[in-house]
Amino acid sequence: MTDPIVAATRFLAEQMEWIRHHPAADEHLDVIERCVRRIRGVVDGPRPKKYLGPCGADLDALGIGPESLSGPYVPTVSDPCEGDVYGVVGGKTGTCRTCGAQVAQDERRAWLDDQVRDKAFRAAHIADAYGINVNTIRTWAARGHLVQHGIDRDLRPVYLVGDVLDLARAAAIRRAENEARRERATA
Ligand SMILES: [Zn+2]
């Protein structure tokens with residue numbers, strides 16, 4: 001049996017000639033494009049999202065009371081909102097799953113970084129959370145730039161998130177300076 005999607009696509013391709021002369025051709029195109037997006041979404045799966053912390057939106061100020069939320073699932077909303085904010089990786093904004101409030105990812109990340117600066121984790125976990133190469137973190141530790149902050153229950157060394165972020169920031173600044181110097185040299 002032919003794949004029903006293939007059969008439907010073939011059928012649609014044969015209808016294109018009369019559809020493109022139809023007064024509502026643009027509407028047809030809209031519907032087809034929507035279908036394509038939906039199928040692509042099913043194939044690709046949801047885009048990876050990152051947790052951006054608790055929402056905390058002042059729902060009264062936003063005019064979002066529980067009575068203004070509707071749909072098959074009406075979440076319990078407290079004020080301030082206790083929902084969780086998630087954002088698409090690489091995106092600019094994040095959205096609260098409970099009240100729908102939008103936040104800027106940059107500001108959220110800065111705030112989250114502040115919250116965990118004085119917490120200690122092993123190198124691999126910090127590398128994972130911040131997209132820093134784990135070998136770079138281990139090199140910093142081996143060279144004494146990064147001071148070990150005890151061990152976890154598996155007896156693995158742990159480091160303060162703030163220390164690692166400071167070193168990563170300094171390394172990024174050094175990289176940018178070197179690049180600028182190289183560009184000046186070749187100019
Ligand atoms: Zn919220």
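**Notebook: zinc site, salt bridges and selected residues**

I began with Gln115, which lies in helix H4; helices here are DSSP runs of H or I with at least four residues, strands are runs of E with at least two, and both are numbered from the N terminus. The model is a predicted one, so I noted that local features need pLDDT of at least 70, that side-chain atom pairs count only at pLDDT 80 or more, and that totals for chains, interfaces and linings use all residues. Residues are numbered from 1 along each chain as its sequence is written, and side-chain values use heavy atoms, with hydrogens and water left out.

**Entry 1. Helix H4**

I looked up the accessibility of Gln115 and found it partly exposed, at a relative accessible area of 39%. I use buried for under 20% relative accessible area, exposed for over 50%, and partly exposed for what is in between (1.4 Å probe, protein chains only). From Gln115 to Gly162 I read a C-alpha separation of 9.6 Å, with their positions 47 residues apart along the chain.

I then turned to Asp113, placed in helix H4 (residues 105–116). Which side chain of opposite charge is nearest to Asp113? I found Arg169, 4.9 Å away; Asp113 is buried yet has no salt bridge. The charge count takes Lys and Arg as positive and Asp and Glu as negative, and leaves out His and the chain ends. A salt bridge is a side-chain nitrogen of Lys or Arg within 4 Å of a carboxyl oxygen of Asp or Glu. With neighbours within four places in sequence left aside, I recorded contacts of Asp113 with Tyr130 and Leu165, contact being heavy atoms within 4.5 Å.

**Entry 2. Salt bridges**

I searched the whole structure and obtained five salt bridges. Among them is Glu17 with Arg20, whose closest N and O atoms are 3.1 Å apart. Glu17 is partly exposed at 46% relative accessibility, whereas Arg20 is exposed at 56%.

Asp118 and Lys119 form another, with 3.9 Å between the closest N and O atoms. I noted Asp118 as exposed at 59% and Lys119 as partly exposed at 41%.

For Arg122 and Asp152 I read 2.9 Å between the closest N and O atoms of their salt bridge. This pair links distant parts of the chain, 30 residues apart, with Arg122 in strand S5 (residues 120–122) and Asp152 in the loop between H6 and S6. Are Arg122 and Asp152 buried or exposed? Both are buried. I also found that Arg122, Asp152 and Asp154 are linked in a network of salt bridges.

Leaving aside neighbours within four places in sequence, I listed Arg122 and Val158 as the contacts of Asp152. Asp152 and Asp79 are 37 Å apart, C-alpha to C-alpha, and 73 residues apart in sequence.

**Entry 3. Zinc site**

Which residues coordinate the zinc ion? I found Cys55, Cys81, Cys96 and Cys99, each through SG, at 2.2 to 2.4 Å. Donors are N, O and S atoms within 2.8 Å of the metal (3.2 Å for Na, K and Ca); water is not among the atoms, so sites may look incomplete. The angles among the four donor atoms are 106 to 114°, and the site is tetrahedral, a label that requires all angles of four donors to lie between 85 and 135 degrees. For reference, the ideal angle for four tetrahedral donors is 109.5 degrees.

I wrote down the donor spacing in sequence as C-x25-C-x14-C-x2-C. Cys81, in the loop between helix H3 (59–62) and strand S2 (84–88), and Cys96, in strand S3 (residues 93–96), link distant parts of the chain, 15 residues apart. Cys81 is buried at 4% relative accessibility, and Cys96 is buried at 3%.

**Entry 4. Helix H2 and two loop residues**

I checked the length of H2: its 20 residues should span 28 Å at 1.5 Å a residue, and the end C-alpha atoms are 28 Å apart, which agrees. The expected span is 1.5 Å times one less than the number of residues. After H2 comes Gly45, with a positive phi near 80°.

Arg47 is in the loop between helix H2 (25–44) and strand S1 (49–54), and it is exposed at 61%. I read 13 Å between the C-alpha atoms of Arg47 and Gly94, 47 residues apart along the chain.

Leu155 is in the loop between helix H6 (134–142) and strand S6 (158–160). I recorded its phi as near 65°, a positive value in a residue other than glycine. Most residues other than glycine have a negative phi. Leu155 is exposed, at 64% relative accessible area.

How values were computed: Tetrahedral: all angles 85-135°; square planar, octahedral: opposite > 155°, others 65-115°.
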